[in-house]
Amino acid sequence: MLTVNVYRLRDDLELPTYGTSLANCFDLSFQPTSASVKGYDKFNSPVEYSINEHGEISINPGDRLLIPTGLIFKIEQYLTVETYADVSREITPLQNYSIRLHPRSGLSLKRGLVLANSEGIVDVDYQEEVFVLLTNISEVSQTIKQGDRIAQAEIVCNEPVSFIVITKRPEKHSERGGGFGSTGV
């Protein structure tokens, strides 16, 4: 059984939720864990903005801010281990899993708030607070409030690979006639 343990940096923080019963991704929300948020402005200068008394932060056009979720995730698997005259449960971290953060389509369309890195990856060995790297691509300042859903996430099983150096250039095996952009717009 796959288990995702969630540590809340404060007891009152919201856990991730699914928008519908058939949703594949769960929503993460803005949960302030300090008095300010850090990032960079459109000129690549470091910025730090205070969170107001209502739990709100404004994201200016071009800003890239680390928005806190207040959550730390640990993906583990519980295995039943049977030994002579004893049955116990063993907890092991799952090395082939990660959490993938995606932009919320409504937030992107209606407000211009997207993930600055297109997709965030939380590796299984990352055991710190998860932040969402939001950027404002609109021309107006956008305000988010504590509890606003800022990203969606999914648990992904990753297949480890090994790389083998080959000495002969690969030959074409389809009708593709070129490289980057060769199949059209």
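Trainee: Which residues is leucine 115 in contact with, leaving aside its neighbours within four places in sequence?

Mentor: A contact list is read by asking which parts of the chain come together around one residue. In this predicted model, leucine 115, which is found in strand S11 (residues 113-115), is in contact with Leu101, His102, Pro103, Gly120, Val132, Leu133, Leu134, Thr135, Ile150 and Ala151. One of these partners, valine 132, is 17 residues apart from leucine 115 along the chain, and their C-alpha atoms are separated by 7.1 Å.

Trainee: Does leucine 115 count as buried or exposed?

Mentor: Residues with under 20% relative accessible area are called buried, so leucine 115, at 5% relative accessibility, counts as buried. Buried residues make up 31% of the 185 residues in the chain.

Trainee: How many salt bridges does a search of the whole structure find?

Mentor: Side chains of opposite charge can pair when their charged atoms come close. The search of the whole structure finds 5 salt bridges, and among them is the pair of arginine 104 and aspartate 27, whose closest N and O atoms are 3.3 Å apart. Arginine 104 lies in the loop between strand S10 (97-102) and helix H1 (105-111), while aspartate 27 lies in strand S3 (residues 26-29), so this pair ties together parts that are 77 residues apart in sequence.

Trainee: Which residues are linked with Asp27 in a network of salt bridges?

Mentor: A network is read by looking for a residue that takes part in several pairs. Here Asp27, Arg104 and Arg149 are linked in this way, since arginine 149 also forms a salt bridge with aspartate 27, with the closest N and O atoms 3.2 Å apart. That pair links distant parts of the chain, for arginine 149 is in strand S15 (residues 149-157) and aspartate 27 in strand S3, 122 residues apart. Aspartate 27 is buried, with a relative accessible area of 8%, and arginine 104 counts as buried at 19%, whereas arginine 149, at 40%, counts as partly exposed.

Trainee: How far away from aspartate 41 is the nearest side chain of opposite charge?

Mentor: For a charged residue, one looks at both its burial and its possible partners. Aspartate 41, in the loop between strand S4 (36-40) and strand S5 (46-50), is buried yet has no salt bridge, and the nearest side chain of opposite charge, that of arginine 64, is 6.5 Å away. A salt bridge needs a side-chain nitrogen within 4 Å of a carboxyl oxygen. Aspartate 41 nevertheless touches Val47, Gly62, Asp63 and Arg64, not counting residues up to four places away in sequence.

Methods:
Residues numbered from 1 in each chain as written. Predicted model: local features only at pLDDT ≥ 70, side-chain atom pairs only at ≥ 80, totals over all residues. Heavy atoms only, no water. Helix = DSSP H or I, 4+ residues; strand = E, 2+ residues; numbered from the N terminus. Buried < 20%, exposed > 50% of the residue type's maximum accessible area, 1.4 Å probe, protein only. Lys, Arg positive; Asp, Glu negative; His and termini not counted. Contact = heavy atoms within 4.5 Å.
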